[in-house]
Amino acid sequence: MVLEKVNGPEDLKNLSLEELLLLAEEIRSEIIRVTAQNGGHLASSLGVVELILALHRVFQSPKDKILFDVGHQAYAHKLVTGRKDRFHTLRQEGGISGFTKVSESPHDAITVGHASTSLANALGMALARDLRGEDHHVVAVIGDGALTGGMALAALNKIGELQKRMLIILNDNEMSISENVGALNKYFKELQIRKWVQDAEKLGRNILERISPQLFGLVDRAKEAAKLLLHQENPFYAWGIRYVGPVDGHDLKGLIHILEHLKELEGPTLLHVVTKKGKGYKVAEADPIYWHGPPGFNPEKPEKVSKGYSWSQAFGDAVTELAHLEPKLFVITPAMREGSGLVRYSIEHPERYLDVGICEDVAVTTAAGLALKGMKPIVAIYSTFLQRAYDQAIHDVAIENLPVVFAIDRAGVVGADGPTHHGVFDIAYLRTIPNFQIAAPKDALELRAMLKKALEVGGPVAIRYPRDNVERVEEGLWPEIAWGTWEVLKEGTEVYILAFGKTLRYALEAAGDDPRVGVVNARFLKPLDREMLRKLSHYKLLTVEDHQKMGGFGSAVLEALNEMGLRPEVRVLGLPDRFLEHGPIPSLHRQAGIDPEGIRKALEEMGVERVRER
Ligand SMILES: CC(=O)c1sc(CCOP(=O)(O)OP(=O)(O)O)c(C)[n+]1Cc1cnc(C)nc1N
Ligand SMILES: [Mg+2]
């Protein structure tokens with residue numbers, strides 16, 4: 001096994017090309033083996049094995065900085081930078097992260113999970129290098145999907161102006177999670193065709209030269225003129241960035257050769273590398289969307305597994321039906337069609353569906369534009385990614401109180417993707433915005449009721465729901481809901497637990513049949529149901545949320561009680577003021593003390609002793 005000989009990137013320098021090719025195969029097998037066990041970003045990582053080996057062969061990490069945008073495609077990088085013995089713990093609790101992470105290895109230049117940050121990071125590193133008189137390379141690997149992000153395009157603009165020496169590798173596999181979108185993506189496709197044209201030209205030249213040198217000269221001049229025209233069209237030239245490519249991203253020898261040359265160049269260079277997402281694993285090549293991030297699978301007989309009916313699917317089914325009832329409804333996703341449950345909607349309502357690419361800021365402000373023109377836009381967006389559109393939510397939507405609905409998926413801790421993906425700040429960052437209303441349904445039926453009503457109440461409405469399965473409900477059901485009201489699910493004589501969404505289930509389990517403990521579905525966070533809160537203030541209150549404790553639902557309850565001059569005993573349960581690592585969701589909830597056991601303990605501390613098992 002060649003991988004056995006590789007304990008760091010320096011060990012790649014002594015390998016022959018044959019050994020490197022063998023190593024690529026071994027790495028692919030290891031990525032498939034571990035991802036089959038743990039789940040993970042399989043297709044993205046399989047697509048860049050040769051590229052990563054070539055980079056670590058040519059550059060000297062960690063002295064040279066190699067940055068991976070999103071960092072989900074870096075499994076081969078982890079395997080050759082001293083983590084092969086821990087690779088089997090990938091994305092497991094206490095194991096290595098599924099993304100690059102500075103605290104995990106000196107070879108991980110940036111901590112990532114959100115897209116489009118690598119170029120600005122690389123620019124900063126190049127600036128620092130030159131200011132400090134250091135001499136090392138800065139290389140950023142960015143996917144065609146991540147390049148649709150505004151941060152990346154803005155960074156290119158600055159990189160081209162400052163002309164710092166750095167290498168940008170565009171990993172173009174024509175895929176984001178779904179098919180990639182955008183004008184640049186179309187342009188890259190053409191460039192790839194040109195690659196084919198170049199190959200055909202080479203063949204043509206040889207034949208032409210032999211037939212008639214005069215004719216060959218004429219054709220050559222015409223081609224030069226066309227090339228000039230094409231280059232002027234090449235946006236990277238407009239950005240002041242040297243463009244090289246497209247080249248075959250699986251030709252290990254060719255990649256090493258070209259990287260050796262490019263590393264000597266001054267100024268910024270972009271190498272356009274064409275790869276196949278899922279390379280080397282038939283099912284992943286054939287369906288890079290499903291195999292972008294599969295749960296565990298049988299590597300010998302890989303089959304798609306259904307993860308059950310999710311909140312995302314419940315949302316997708318609801319909006320697909322709603323669009324038949326509401327002609328002004330329009331749904332936008334920032335590159336998360338599958339993740340947000342919108343495949344069916346995109347098929348049934350293509351004229352009222354938009355995937356803007358990985359740019360949540362554009363998603364929200366496009367929705368504002370739609371709302372200004374009388375449409376009823378819904379932005380389907382993960383809690384963690386909505387962080388990218390905070391100013392847009394304020395500046396472009398809330399100030400004019402525009403009717404934009406935010407369907408916030410993955411609200412709460414999300415598990416194996418870890419701190420860059422936990423959706424645990426949205427209540428805090430939304431509830432302080434005037435005009436915003438915030439709700440959290442307890443089940444799929446309440447989700448339907450809230451979505452329908454949200455389109456009527458006007459103004460910005462955020463409806464948050466977790467990464468979890470939910471009981472499917474019949475199509476066509478649109479129950480009414482008393483907007484802004486809470487729902488008592490269980491009466492109590494001493495204390496009431498105020499919970500919503502996922503934590504409601506925990507609260508009901510903790511309360512059991514204890515007559516002292518009541519449970520409230522506090523499904524509206526803003527506005528709070530102050531009338532019910534006043535009534536309940538005669539009891540002890542325990543709030544519980546799958547969100548940061550600071551600034552969350554519990555904070556809102558305390559502020560409201562204070563404003564109403566009420567002083568009941570209140571305990572707030574929420575996530576601690578630190579980043580929760582990756583791990584199974586139940587374990588993270590247990591760590592945070594918001595699970596049934598944590599709630600029971602809090603009740604005991606409030607004087608509600610456990611009912612001894614009879
Ligand atoms: C992991 C994750 O959350 C990924 S990976 C990915 C596609 C990236 O496409 P790219 O072409 O850059 O890479 P490829 O997979 O190699 O084709 C998206 C949209 N996401 C979700 C996402 C959404 N929005 C933001 C700001 N960051 C992320 N990471
Ligand atoms: Mg891609």
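How do the residues of the shell around ligand 1 divide into nonpolar, polar and charged? Keep that one in your heads, and we'll get to it in a moment. Before that, a quick reminder that what you're looking at is a predicted model.

Okay, ligand 1. There are 26 residues around it, and those that come nearest are Gly113, Gly145, Lys277, Glu360 and His421. As for the opening question, that shell splits into 10 nonpolar, 12 polar and four charged residues.

Now let's look at some contacts with the oxygen atoms of this ligand. Take Lys277, one of the nearest residues: an N or O atom in its side chain sits 2.8 Å from an oxygen of ligand 1. His421 is also on that nearest list, and a polar atom of the His421 side chain is 2.8 Å from a ligand oxygen. Then there's Asn173, with a side-chain N or O atom 2.9 Å from an oxygen of ligand 1. And how much of the ligand does the protein bury? On its own, ligand 1 would expose 630 Å², and the protein buries 98% of that.

Hang on to Asn173, since it turns up again at the metal. Ligand 2 is a magnesium ion, and its protein donors are Asp144 through OD, Asn173 through OD1 and Met175 through O. Those donors lie 2.0 to 2.2 Å from the ion. Along the chain, their spacing reads D-x28-N-x1-M. Are Asn173 and Met175 buried or exposed? Both are buried. So, to recap Asn173: its side chain has that 2.9 Å approach to ligand 1, and its OD1 is a donor to the magnesium.

Last stop, the empty spaces. The model has six cavities of 30 Å³ or more, and the largest holds about 80 Å³ of space. What lines that largest one? Among the lining residues are Phe59, His137, Val138, Arg165, Met166, Leu167 and Lys263. By type, the full lining comes to six nonpolar, three polar and two charged residues.

That's my tour, thanks for listening!

Definitions and conventions. Residues numbered from 1 in each chain as written. Chains lettered and ligands numbered in written order. Predicted model: local features only at pLDDT ≥ 70, side-chain atom pairs only at ≥ 80, totals over all residues. Heavy atoms only, no water. Donors = N, O, S within 2.8 Å, 3.2 Å for Na, K, Ca; no water. Buried < 20%, exposed > 50% of the residue type's maximum accessible area, 1.4 Å probe, protein only. 1 Å grid on protein atoms, 1.4 Å probe; cavity = no way out; pocket = protein on both sides within 12 Å on 5 of 7 lines; lining within 4 Å. Points joined across faces, edges and corners; volume = space filled by probe spheres on them. Nonpolar A, V, L, I, M, F, W, Y, C, P; charged D, E, K, R; others polar. Near = heavy atom within 4 Å. Polar contact = N/O pair within 3.5 Å; in protein donor to acceptor, adjacent residues only side chain to side chain. Areas by Shrake-Rupley, 256 points an atom, 1.4 Å probe, with all protein chains shown as cover.
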